[in-house]
Each structure stands twice: as structure tokens, then as C-alpha cells.
Amino acid sequence: MQSESKRQVTMLQSMTGYGKAECLIQNQKYIIELRSLNSKQMDLSMRLAPVFREKELDIRSLLAQQLERGKADCTIYQDNSTATEQSQYTPINFEALQYYVSQLQNFAQENHLQSDILALAMRMPDVTKIQEQSTLTNEDWQTLQNGIMEAVAQFNAFRLQEGKALQQMFTEKLNTILELLSQVEPLEKERIEKIRTRLEDNLLQLSTNLQQATDRNRLEQEMIYYLEKLDITEEKVRLRNHIRYFFEVMEGEEVKGVGKKLGFVAQEMGREINTLGSKSNHSEMQIIVVKMKDVLEQIKEQVLNIL
């Protein structure tokens, strides 16, 4: 198995990502933010400024192509920090206000009522009304798309950075399993001798008549068969092959579906380690197997975050 320093590192991509960009549309700055966490499928939620709602399906389609998989969140909002003082407030419709004040004054005089006419008028419809957003032009839509793609570029860079950290962790954990596996080998011969000795001691505890009636050749054959059933050579070979394939997938050129494939390989590694444990019949080997299981669980947890 190659050491970590000799490996050709090809970046994995994490499903955890973050990207941010800005764009100027109709003299107003908007912020585009993308976030994602791990998920088996594409799960995209969106929060858009009102002016962009007409393009929600187009934005969703664009992001679905770029983000591939994960629980993603896209937010596009207006940056009020750069707005002018006047643009931060809701304008007053003075024409409507004057009309309502006049009507209320006439009504109050005719009925000899006293009231705060202005306060009442300000509550009437259309006196304060938020201006409707204008429709996006083709140029506005292109500007927004450029901003989204800039956010996606930052988002993907973040995913690569996270993937690099995960790949380093996988390399360390896999090398730990290989090191633990190498510690099993010196115990194998000792384990076989202990099992053989225990079987022979049990045979000596039988009565003299039973010992004389025992077919030594058949006993040796049965003992060899029993010890062969406890042999772990195939499990060790398969476990090493799975680890080598994990490295090949992790460092390969394939991008899509890498996380799922690594998950399948990790499951196969788990089967071989479990079989090692069931066949060990040796306290020190069982301790080593428990350590291998613990390391593999850490790998499985993080594999879920690979794109």
C-alpha cells in the first residue's frame, strides 16, 4: 500500500458549501448567498426578493444543474446598507391623503365631531403604498445569472476545500486500519497454537477408554478442518483490496457519485472486519478488531458528506 506522501491527490468534493456574490440591478445592489449540507438527493429551498420571483423556476433549474446534490439553500436579498435615505422609507401618496383629510373634515363638521383627522387619514387605503417592483429586463436577468454563477464558483471552491480536508482524514484513517491489520499478523501463529493446545487438553480430559477409541487420524483431519475455518487470510486480503479500491475511487478522475461508491466500499470493509472479529478467538486480536471498527465508523460518518 502506498504511503500518504506518495499518493497523487485528486480533490473530493464535500456536500457542505458556501458561496456569496453581489450584483447591481436597477440601481440597487442585491446579495446572492448559497449554502448546502449533506443529503441523499437534491433538496433546494429558495428565498428571493420580490423582483426576482418571476424567475424562480429559471433560478431553480440553473442551480439544480450546478449543485448536483445536497440540502441547499439559496437567498437573494436587497442590500439596504447602500440604499439612499429616501429609498429606505415608504412614500406617501399626498393626493390620496389630501382627499381623505378633506372628506373627514367635512364629515366631522357636519356631525359636530372632534377627532385627529390626520391620524385617521393616514390609516386610509393607498395613503402609504409600497411601490411595485418593475419587471426584469433581459439585461437584468443576465446580470442576475452572472451573479448566481459567481456565487456558484465560490460555493464549489468551498466544497473542494472541505473535500480536501476529508480526503486527508480518509487517508489517515485508512492507513490506521492498515497499521492495525499488520498488528494482527504476529498474533495469528500464536492464536492457532493456543487453539490446538486447548483442543488437545480437552481431549486429555476424556476417559482412557474414550481416548483409546478415538481415531487419531480422523481427529487430526477434524482439527485441521476446524483450524482452516478460523483462518483469516482471505479476510485480510479482501480488506486490503477494499482499502486499495477506496483510495483508487477517492483519487480517481470520476466526480459524480463518488460519495455513494465510497459508502459501498466502506460497507464491504466493515463485513471483512466483522468476520475477522468472529474468527479471532484471541483477546488481543479482538481488541485490535474493535479499534478497526471504531476507525471505520468515523470513515462512514464522513463519507455521507461526500458529493
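These exercises work through a predicted model of one protein chain.

**Exercise 1. Confidence**

Task: State the mean pLDDT of the chain, and find where pLDDT stays under 50.

Solution:
- Start with the whole chain. Its mean pLDDT is 82. A pLDDT of 70 or more is reached by 80% of the residues.
- Then go to the weak stretch. Residues 1–9 stay under 50. The model has 16 contacts beyond four places in sequence for residues 1–9.
- Now weigh those contacts. Where pLDDT is low, predicted coordinates should not be read in detail.

**Exercise 2. Architecture**

Task: Give the numbers of helices and strands, and their order along the chain.

Solution:
- Count the elements. The chain has nine helices and four strands.
- Read the order from the N terminus: β-β-β-α-β-α-α-α-α-α-α-α-α.
- Check burial. Of the 307 residues, 36% are buried.
- Check contact range. Take contacts between residues at least 6 apart in sequence: 81% of them join residues at least 24 apart.
- Add the surface. The accessible surface is about 19,200 Å². Carbon and sulfur atoms account for 48% of that area.

**Exercise 3. A nonpolar patch**

Task: Which residues make the nonpolar surface patch of about 380 Å²? Explain why leucine 118 is classed as buried, partly exposed or exposed.

Solution:
- List the members. They are Ile92, Phe94, Leu118 and Met122.
- Place leucine 118. It lies in helix 3, residues 117–122.
- Apply the cut-offs. Buried means under 20% relative accessible area, and exposed means over 50%. Leucine 118 has 49%, so it is partly exposed.

**Exercise 4. Salt bridges from the strands**

Task: Which residues do lysine 29 and lysine 71 pair with, and in which elements do the partners sit?

Solution:
- Recall the principle. Side chains of opposite charge can pair when their charged atoms come close.
- Take the total. The whole structure has 14 salt bridges.
- Start with lysine 29. Its partner is aspartate 79, with the closest N and O atoms 3.2 Å apart. Lysine 29 is in strand 2 (residues 28–37), and aspartate 79 is in the loop between strand 4 (70–78) and helix 2 (94–110). The two are 50 residues apart, so the pair links distant parts of the chain.
- Compare their cover. Lysine 29 is partly exposed at 21%, whereas aspartate 79 is buried at 11%.
- Turn to lysine 71. It meets aspartate 43 at 3.3 Å, N to O. Lysine 71 is in strand 4 and aspartate 43 in strand 3 (residues 42–48), 28 residues apart.
- Check their accessibility. Lysine 71 is partly exposed at 47%. Aspartate 43 is also partly exposed, at 36%.

**Exercise 5. Salt bridges in the helices**

Task: Which helices does the salt bridge between glutamate 185 and arginine 240 link? Which residues are joined into one network by salt bridges that share partners?

Solution:
- Give the distance. The N to O distance between glutamate 185 and arginine 240 is 2.8 Å.
- Assign the elements. Glutamate 185 is in helix 4 (residues 138–204), and arginine 240 is in helix 7 (residues 233–251). They are 55 residues apart.
- Check exposure. Glutamate 185 is partly exposed at 33%. Arginine 240 is partly exposed at 27%.
- Finish with the network. Its members are Glu234, Glu235, Arg238, Glu272 and Lys279.

Definitions and conventions: Residues numbered from 1 in each chain as written. Heavy atoms only, no water. pLDDT = per-residue confidence, 0-100. Contact = heavy atoms within 4.5 Å. Patch = residues over 30% accessible without salt bridge, like charges linked within 9 Å, V, L, I, M, F, W, Y side chains within 5 Å. Areas by Shrake-Rupley, 256 points an atom, 1.4 Å probe, with all protein chains shown as cover. Salt bridge = Lys/Arg side-chain N within 4 Å of Asp/Glu carboxyl O. Buried < 20%, exposed > 50% of the residue type's maximum accessible area, 1.4 Å probe, protein only.
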